[in-house]
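I opened a notebook on this structure and set down a few things to look up. The entries below follow the order in which I took them.

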Amino acid sequence: MVNGKTNILGVIGDPIEHTFSPAMHNAGLNALGLNYIYLPFHVLPQNLNSAISGAKSLGIRGLNVTIPHKQNIIPYLDEIDGIAEMIGAVNTVKFDLELDRTIGYNTDAYGCIRAISEVMDLKDKKVCITGAGGAARAVAFQIATSGIAELTILNRNYNKADNLAIDVKKNLKKMDIDINIESRKIEDLAGVLSESEILIDTTPLGMHPHDDDKPIATADILHEDLLVNDIVYTPMETSLIKEAKKANSKVVYGYKMLLYQGIRSFEIWLDREAPVEVMEKALLDVLGI
Ligand code: NAP
């Protein structure tokens with residue numbers, strides 16, 4: 001029941017009508033009996049600055065940030081968390097009303113790493129990432145600082161993979177983390193996979209309505225000592241996940257990344273543990289799974 005004491009959370013993006021976040025967050029807020037509501041806000045790029053100052057003036061407690069604002073929001077915030085700064089993208093904003101400050105975080109990559117960690121310990125693992133776009137960038141920075149031994153980034157456009165690898169290396173040096181990071185052409189995937197323990201596919205291959213696209217890797221080059229995480233979440237059983245099952249690889253579904261990025265945002269805003277099972281059920285319901 002919305003009343004005079006209701007606190008507001010939300011998500012900004014352009015477009016915004018397809019967001020799954022309100023269902024997940026409102027289920028979590030209701031389960032804990034909190035007087036909060038989570039709403040979608042359609043914010044055009046030219047209105048981003050005024051949306052942030054307006055949200056501050058309205059006493060909004062927190063926002064998720066989605067495409068196309070994740071990078072452009074940074075200059076409008078007072079503070080950026082370390083990993084979000086390295087990635088250069090923010091998907092969560094906390095409005096600290098007492099200190100009158102806005103703080104930006106990136107929980108996307110946290111979501112991916114937490115989902116994988118549930119199934120396999122990351123320590124000393126050899127990891128490869130396919131794709132070198134926005135999602136790959138977030139995942140690469142986070143996983144490189146999670147205790148792994150080696151990271152190989154493969155992309156169709158090799159220069160993008162190389163630039164990302166250079167950027168990750170540069171930042172790890174500042175943090176005194178010494179792991180082997182390489183970039184390769186996507187054509188080298190079979191060879192890289194034979195030496196890898198974790199594959200994270202960040203390409204959109206197999207995403208609905210292209211469910212039957214040939215996946216980045218087929219069962220003949222996957223193996224049973226490999227964990228395969230496809231970050232595409234519609235459909236749940238992507239063509240890559242099907243191939244991974246044929247090869248007896250362990251699988252991590254893409255929706256788990258979406259779930260855990262939301263869980264982390266919830267915890268940042270509310271300073272308390274999120275009800276994971278309730279939020280997972282709400283997310284699966286809204287995804288039609
Ligand atoms: P992006 O910035 O456009 O990057 C896409 C990457 O995929 C690029 O490196 C691109 O290679 C590669 N790629 C695209 N089509 C390809 C093809 N046919 N063959 C080989 N490589 C191809 O996209 P993004 O923002 O990183 O998002 C990527 C996917 O992740 C989307 O499907 C998105 O829905 C999903 N995602 C999921 C979550 C989650 O919570 N589960 C979160 C974020 C994103 P080139 O550089 O050669 O073009």
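Before sorting residues by class, I fixed the terms: Ala, Val, Leu, Ile, Met, Phe, Trp, Tyr, Cys and Pro count as nonpolar, Asp, Glu, Lys and Arg as charged, and the others, Gly among them, as polar. I also noted that the model is predicted.

**Entry 1: the ligand shell**

I sorted the shell around the ligand by class and got ten nonpolar, eight polar and two charged residues. I then asked which of the 20 residues around the ligand come nearest. They are A132, A135, N155, K160 and I231. Looking up which elements contribute, I found that α5 (134-144) and α9 (255-270) each supply at least two residues of the shell.

**Entry 2: polar atoms at the ligand**

I looked next at distances to oxygen atoms of the ligand. For K160, a polar side-chain atom lies 2.7 Å from a ligand oxygen. For N155, the distance from a polar side-chain atom to an oxygen of the ligand is 2.9 Å. At N157 the polar atom belongs to the backbone, and it is 3.0 Å from an oxygen atom of the ligand. I also looked up how much of the ligand is covered: taken alone it exposes 940 Å², and the protein buries 72% of that.

**Entry 3: the second largest pocket**

I moved to the second largest pocket, which has a volume of about 180 Å³. It is lined by 13 residues, and E150, T152, R184, V192 and E195 are the closest to its centre. The elements that give two or more residues to this lining are β7 (126-130), β8 (150-155), β9 (180-185) and α7 (189-194). Which element gives the largest share of the lining? I found that β9 does, with four residues. Sorted by class, the lining of this pocket has four nonpolar, four polar and five charged residues.

**Entry 4: a six-stranded sheet**

Last, I traced an open sheet of six strands, with the order β2-β1-β3-β5-β6-β4 and mixed pairing. Why is one side of β2 (36-42) and of β4 (79-80) left without a neighbour in the sheet? Both strands stand at the edges and have a single partner strand each, so one side of each stays unpaired there. I followed β4 to its partner: β4 pairs with β6 (residues 101-105) in the parallel sense, over two bridges. I checked E79 and found that its bridge partner in β6 is I103. As background, I noted that strands of a sheet pair through backbone hydrogen bonds, either parallel or antiparallel.

How values were computed. Residues are numbered from 1 along each chain as its sequence is written. This is a predicted model: local features need pLDDT of at least 70, side-chain atom pairs count only at pLDDT 80 or more; totals for chains, interfaces and linings use all residues. Side-chain values use heavy atoms; hydrogens and water are left out. On a 1 Å grid over the protein atoms alone, a cavity is a set of points where a 1.4 Å probe fits but cannot get out, and a pocket is an open set with protein on both sides within 12 Å along at least five of seven lines; lining residues have an atom within 4 Å of a point. Grid points are joined across faces, edges and corners, and a volume is the space filled by probe spheres set on the points. A residue is near a molecule or strand if one of its heavy atoms lies within 4 Å of it. A polar contact is a pair of N or O atoms within 3.5 Å; within protein, one must be able to donate a hydrogen and the other to accept it, and residues adjacent in sequence count only if both atoms are side-chain atoms. Accessible areas come from the Shrake-Rupley method with a 1.4 Å probe; for residues, only the protein chains shown count as cover. Two strands pair if DSSP finds at least two bridges between them.
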